[in-house]
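Open your viewer and get ready to select residues one stop at a time. Each stop tells you what to pick and what is there.

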Amino acid sequence: MTATKRICALTMARNDEFFLHRWLAYYGAQLGTENVFVYLDGTDQTLEHPLPKGTHVTAVPHLAGDVRTADRRRIDFLSARAAERFADGYDLVIGTDADEFLIPDPALGLSLSQFLSRQEIRTSLSALGIDVGQ
């Protein structure tokens with residue numbers, strides 16, 4: 001029997017409540033809301049609808065700049081947050097945009113946590129991305 005790994009997910013969102021709520025619903029159900037971390041890009045944001053109880057939500061000053069510079073700042077920020085989660089004892093940290101969902105092949109009959117717990121991961125694991133809508 002494979003031991004279940006301690007897994008969390010993190011994302012950063014700016015004015016994207018539509019996908020953020022779907023992301024939270026999915027990863028909260030897969031990993032538990034206590035293992036989901038949301039960083040709001042800008043303290044000026046307000047959410048119309050409350051986030052699930054137990055979700056970790058932190059608003060940070062807006063990471064402004066041209067697209068390339070702002071993306072690099074966000075990646076660096078989230079990488080530092082992932083390092084903190086590893087220091088907190090997580091075995092795996094999932095980092096995605098709020099419109100990205102990691103779903104194991106349904107034919108396997110495994111939850112995301114079960115699937116990832118069975119993987120031998122040395123440094124990282126990548127997924128196949130499919131755009132279902134633009």
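Select arginine 22 and phenylalanine 18. The charged end of arginine 22 sits over the ring of phenylalanine 18, 3.7 Å from the ring's centre. Keep in mind that you are looking at a predicted model.

Now find a second pair of this kind. Pick arginine 85 and phenylalanine 37. Here the charged end of arginine 85 sits over the ring of phenylalanine 37, 4.5 Å from the centre. Arginine 85 belongs to helix α2. Is arginine 85 buried or exposed? Its relative accessible area is 9%, and under 20% counts as buried, so arginine 85 is buried. Show what surrounds it. Leaving aside neighbours within four places in sequence, arginine 85 is in contact with Cys8, Leu10, Phe37, Tyr39, Tyr90 and Val93.

**Helix α1**

Select residues 17 to 31, which make up α1. This helix has 15 residues. From its first C-alpha to its last it reaches 20 Å, close to the 21 Å expected at 1.5 Å a residue. Colour its buried residues: Glu17, Leu20, Trp23, Leu24, Tyr26, Tyr27, Gly28 and Leu31. Several of these numbers are three or four apart, such as Leu20, Trp23 and Tyr27. An α-helix has 3.6 residues a turn, so residues three or four places apart point the same way. What covers the buried residues of α1? The cover includes β1, β2, β4 and α3.

Check both sides of the helix in sequence. Asparagine 15 is in the loop between β1 and α1. Its phi is positive, about 50°, although asparagine 15 is not a glycine. Asparagine 15 is exposed, with a relative accessible area of 58%. After α1 comes glycine 32, whose phi is also positive, near 95°.

**The largest nonpolar core**

Next, select Leu20, Trp23, Leu24, Tyr27, Val38 and Ile94. Of the 18 residues in the largest nonpolar core, these touch the most other members. Which elements give two or more residues to this core? They are β1 (7-13), α1 (17-31), β2 (36-41), β4 (92-95) and α3 (112-117). α1 gives the most, with six residues.

Zoom in on valine 38. Beyond its neighbours within four places in sequence, valine 38 is in contact with Thr11, Leu20, Trp23, Leu24, Thr55, His56, Val57 and Thr58. Apart from this core lies another, of 11 residues. Met12, Tyr39, Ala82 and Tyr90 are among its members.

**Aromatic rings**

Show the rings. The structure holds seven aromatic pairs. Start with tyrosine 27 and phenylalanine 101. This pair is stacked, at 6.4 Å centre to centre with 5° between the planes. It links distant parts of the chain: tyrosine 27 is in helix α1, phenylalanine 101 is in the loop between β4 and α3, and they are 74 residues apart. Tyrosine 27 is buried, with a relative accessible area of 0%. Phenylalanine 101 is partly exposed, at 30%.

Compare tyrosine 39 and phenylalanine 77. Why is this pair called edge-to-face? The ring centres are 5.3 Å apart and the planes stand at 80°, and angles over 60 count as edge-to-face, so the pair earns that label. Tyrosine 39 lies in strand β2 and phenylalanine 77 in helix α2 (residues 67-87), 38 residues apart. Both are buried.

Go back to the stacked pair and add two residues. Ring pairs link Trp23, Tyr26, Tyr27 and Phe101 into a cluster.

**Threonine 96**

Stay in this region of the chain and select threonine 96, found in the loop between β4 and α3. Threonine 96 is buried, with a relative accessible area of 10%. Not counting residues up to four places away in sequence, it touches Leu10, Thr11, Trp23, Tyr27 and Leu102.

**Last stop: glutamine 114**

Select glutamine 114, in helix α3. Its side chain reaches the backbone nitrogen of serine 111 at 2.7 Å. Glutamine 114 is partly exposed, with a relative accessible area of 41%. Now add threonine 4. How far apart are glutamine 114 and threonine 4 in sequence and in space? They are 110 residues apart in sequence and 6.7 Å apart in space, C-alpha to C-alpha.

Technical notes. Residues are numbered from 1 along each chain as its sequence is written. This is a predicted model: local features need pLDDT of at least 70, side-chain atom pairs count only at pLDDT 80 or more; totals for chains, interfaces and linings use all residues. Side-chain values use heavy atoms; hydrogens and water are left out. A nonpolar core is a set of buried Ala, Val, Leu, Ile, Met, Phe, Trp, Tyr and Cys residues joined through side-chain atoms within 4.5 Å. Buried means under 20% relative accessible area, exposed over 50%, partly exposed in between (1.4 Å probe, protein chains only). Contact means heavy atoms within 4.5 Å. A polar contact is a pair of N or O atoms within 3.5 Å; within protein, one must be able to donate a hydrogen and the other to accept it, and residues adjacent in sequence count only if both atoms are side-chain atoms. The expected span of a helix is 1.5 Å times one less than its number of residues. Rings of Phe, Tyr and Trp (its six-membered ring) pair if their centres lie within 6.5 Å; planes under 30 degrees apart count as stacked, over 60 as edge-to-face and the rest as tilted. A charge sits over a ring if NZ of Lys or CZ of Arg is within 6 Å of the ring centre and within 35 degrees of the ring normal.
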